[in-house]
Amino acid sequence: MPKWFYPVAGLCALLFAASPFVIASAPYVQDMGIAQKIFYYHMPSAWMFLIAAIVCGTASVRFLVTGIVHQDRVAWAAAEMTCLFGALALVTGPLWARKAWGVWWQWDMRLTASLMGWMVSCAYLLLRRYGGSGSEKLAAGLSLFGMANVPFIYVSVNYWRTIHPATSVVPTLPFSLGGPLWFCVTAFVLLLVLLMSLRIRLEEQRARLDSLYLSMDE
Amino acid sequence: MTRLTALFATMLFGMMMLGFGLATPLLAQTPQPGGSLQQEGFTPIEQLPPQEQLPAAPLLIAAYVFVVVMLFVYLFSVARRLATVQKELTRLEGDIKASKKG
């Protein structure tokens, strides 16, 4: 593993260990009660979901244009992150919504587009797993749809009718609420980087194993 | 460079922790937003009849447990896959070395 991995992993672990205390110290939002505390893990998960989808799409474009195999590994790793963090956002969101809105789910633009983005990442992974040879280029093409979906997910709350808060809420949060949020975002960003590097390392080792088998056959 | 980065990261983390540690008592004393922000036509949860109220704690616990369990399961899955490949690599490299000697 690279030398930066273990210090960053330690830092990430400390941030996650401290996060419950930081979240508990944040004040309650009026009329939301304790359920609002889900926000501090829900929103970073959703952001990592969108970032991973962009990374997956960008790496796929670079792989399709340049043919660099490393970009394909990055895209595959990012697709797994999209699936993981998407699942976290899509499960924690309804748990909060049930208390805040009175419904588990609403077929508004943001939720539907998020679900579609998550399903695209699942399709990418299934294609890579069962698609056989040549599936990497098909999957790369598929990931472009996942990336194109990201801006719609983000701005949808400003243009379509929804009970989801608009994008202007986070920048205007007071420090007492914004501080814990950015603390958790930092922890999730580090986690995303660490998991991505682990997953890329796995693909590199698999490629090394394949090349060894090939050299033995020759 | 890597050591400097690690040192910087540790210092940054320490400063953040110190800041939050010092801020915690202040945050705990921060009054909750006042009633002036309350919007018309919205019924606060506390004013709902008991049969319409849903306890929030189980939802909160479920959300955090789900996140932690999913992250650990994924981390364990990647670590297990990595260990399997690493083991196979070590075995194969040993076989290649042995065949070259033989």
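**Exercise 1. Work out whether A:Leu190 is buried or exposed, and find its partners.**

Start with the neighbour count: A:Leu190 has 20 C-beta neighbours inside 10 Å, so A:Leu190 counts as buried. The cut-offs are 20 or more other C-beta atoms within 10 Å for buried, 12 or fewer for exposed, and partly exposed in between, with C-beta atoms placed from the backbone.

A quick note on the setup: this is a predicted model, where local features need pLDDT of at least 70 and side-chain atom pairs count only at pLDDT 80 or more, while totals for chains, interfaces and linings use all residues. Residues are numbered from 1 along each chain as its sequence is written, and chains are lettered from A and ligands numbered from 1 in the order in which they are written.

Next, place the residue: A:Leu190 sits in helix 6 of chain A. Helices here are DSSP runs of H or I with at least four residues, strands are E runs of at least two, and both are numbered from the N terminus.

Then list the contacts (C-beta atoms, placed from the backbone, within 7 Å). Leaving out residues up to four places away in sequence, A:Leu190 touches A:Val8, A:Leu11, A:Cys12 and A:Leu15. The C-alpha atoms of A:Leu190 and A:Ala9 are 7.8 Å apart, although their positions lie 181 residues apart along the chain.

**Exercise 2. Describe the make-up of chain A and chain B.**

Count elements first: chain A has six helices and zero strands, and chain B has two helices and zero strands.

Now burial: 38% of the 218 residues in chain A are buried, against 6% of the 102 residues in chain B.

For overall dimensions, the C-alpha trace of chain A spans about 70 × 40 × 25 Å along its principal axes. Finally, of the chain A contacts between residues at least 6 apart in sequence, 77% join residues at least 24 apart.

**Exercise 3. Find which elements build the largest nonpolar core.**

A nonpolar core is a set of buried Ala, Val, Leu, Ile, Met, Phe, Trp, Tyr and Cys residues joined through C-beta atoms within 7 Å. The largest one has 60 residues, and A:Ala52, A:Cys56, A:Ala75, A:Ala78 and A:Met81 have the most contacts inside it.

Two or more residues each come from helices 1 (5-25), 2 (39-66), 3 (69-100), 4 (109-130), 5 (135-159) and 6 (175-217) of chain A, plus helix 2 (56-101) of chain B. Helix 3 of chain A gives the largest share, 16 residues.

Zoom in on A:Ala52: beyond four places in sequence, its contacts are A:Ala78, A:Met81, A:Thr82, A:Phe85 and A:Leu192.

**Exercise 4. Classify the packing of helix 6 of chain A and helix 2 of chain B.**

Take the geometry: the helices pack at about 25°, with axes 10 Å apart. Axes are lines fitted to C-alpha atoms, for helices over the stretch in contact, and angles run from 0 to 180 degrees between N-to-C directions.

That angle makes helix 6 of chain A roughly parallel to helix 2 of chain B, given that angles under 35 degrees count as roughly parallel, over 145 as roughly antiparallel, 65 to 115 as roughly perpendicular and the rest as oblique.

Last, sort the contact residues: eleven are nonpolar, two polar and six charged. Here Ala, Val, Leu, Ile, Met, Phe, Trp, Tyr, Cys and Pro count as nonpolar, Asp, Glu, Lys and Arg as charged, and the others, Gly among them, as polar.

Terms used:
Contact = placed C-beta atoms within 7 Å.
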